[in-house]
Amino acid sequence: KMTCENGDIYEGKWKKGEQTKGKMTYKNGETYEGEWAEGKKHGKGKMTYENGDIYEGEWEKGYQKKGKMTYTNGDIYEGNWKKGKMTKGKMTYKNGEIYEGEWEKGERTKGKMIYKNGDIYDGLWEKGEMTKGKMTYKNKEIYEGEWTEGKKHGKGKMTYENGDIYESIWENGEIEEQPEGKIAYKNGDIYEGSWENQNKEGFGK
């Protein structure tokens with residue numbers, strides 16, 4: 001057992017004057033139990049943070065590398081890390097939703113989200129919001145295209161439950177007025193032209 005000048009306490013094994021495997025109790029109440037190398041957490045170990053979060057898995061030169069983080073709010077992340085940041089893995093949220101994919105600076109960037117209502121989104125993200133990708137709805141309808149603030153916005157293609165396919169411009173989740181669009185009906189008919197108030201207007205073919 002060794003009490004450091006700063007108040008941290010280490011109990012465990014040593015080799016050639018360095019910690020190899022043991023428990024460090026930090027003065028702020030945090031604890032680490034596991035393997036060490038050159039005075040840093042390295043190998044397998046478990047860290048309990050001051051706020052109650054718990055990380056268990058692999059460490060490399062003092063940073064999490066691959067493992068499971070259980071947050072005090074009920075969220076659980078399992079995957080890869082780089083210098084303390086999530087990079088690629090699976091986040092199971094307290095509400096039952098699941099995101100699996102890539103991360104950058106703590107934000108989702110590219111991956112799949114399974115929502116608690118059964119909808120599934122697979123695509124790109126920016127600052128926690130969908131930007132471009134595919135949403136498969138619980139009723140089997142599919143939207144592929146651009147998004148803003150959680151709504152269909154920009155170029156996109158909607159495949160409806162009845163088999164009709166609509167391609168055009170969307171604005172805040174609705175078909176934009178008077179854009180040029182194309183709809184292919186299940187019966188083989190195709191309409192190309194402008195729309196207004198979500199109805200065909202003017203000339204089409």
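1. Secondary structure. The protein chain has 20 strands and zero helices. This is a predicted model, and every point below should be read with that in mind.

2. Confidence. Mean pLDDT for the protein chain is 90. Of its residues, 88% reach 70 or more. Residues 200-205 are another matter: pLDDT stays under 50 there. The model still gives that stretch 18 contacts beyond four places in sequence. Where pLDDT is low, the predicted coordinates should not be read in detail.

3. Contact range. Take the contacts between residues at least 6 apart in sequence. Of these, 2% join residues at least 24 apart. The hairpins in points 5 to 8 give examples of strand pairing in this chain.

4. Burial and surface. The protein chain has 205 residues, and 32% of them are buried. The exposed area is about 13,100 Å². Carbon and sulfur atoms supply 45% of that area.

5. Strands β8 and β9. β8 covers residues 76-82 and β9 covers residues 85-92. The two run antiparallel, joined by seven bridges. One pairing to check is glutamate 78, whose bridge partner in β9 is lysine 90. The two strands form a hairpin with two residues between them. In that turn, lysine 83 has a positive phi of about 50°.

6. Strands β9 and β10. β9 also pairs with β10 (residues 98-104), again antiparallel, through five bridges. Glycine faces glycine here: residue 89 stands opposite residue 101 in β10. This hairpin has five residues between the strands. Glycine 96 takes a positive phi near 100° in it.

7. Strands β15 and β16. β15 spans residues 151-159, and β16 spans residues 165-171. Six bridges join them in an antiparallel arrangement. Threonine 159 stands opposite isoleucine 165 in β16. Five residues lie between the strands of this hairpin. Glycine 163, in the turn, has a positive phi of about 100°.

8. Strands β16 and β17. β17 consists of residues 174-175. Two bridges tie it to β16, and the strands run antiparallel. Tryptophan 170 has isoleucine 175 in β17 as its bridge partner. The hairpin has two residues between the strands. Asparagine 172 takes a positive phi near 50° there.

9. Turn residues to inspect. Which residue in the turn between β8 and β9 has a positive phi? Lysine 83 does, at about 50°. For the hairpin of β16 and β17, look at asparagine 172, with a positive phi near 50°. Glycine 96 serves the hairpin of β9 and β10, with a positive phi near 100°. Glycine 163, at about 100°, is in the turn between β15 and β16.

Methods:
Residues numbered from 1 in each chain as written. Predicted model: local features only at pLDDT ≥ 70, side-chain atom pairs only at ≥ 80, totals over all residues. Heavy atoms only, no water. Helix = DSSP H or I, 4+ residues; strand = E, 2+ residues; numbered from the N terminus. Buried < 20%, exposed > 50% of the residue type's maximum accessible area, 1.4 Å probe, protein only. Contact = heavy atoms within 4.5 Å. Areas by Shrake-Rupley, 256 points an atom, 1.4 Å probe, with all protein chains shown as cover. Pairing = 2+ DSSP bridges. pLDDT = per-residue confidence, 0-100.
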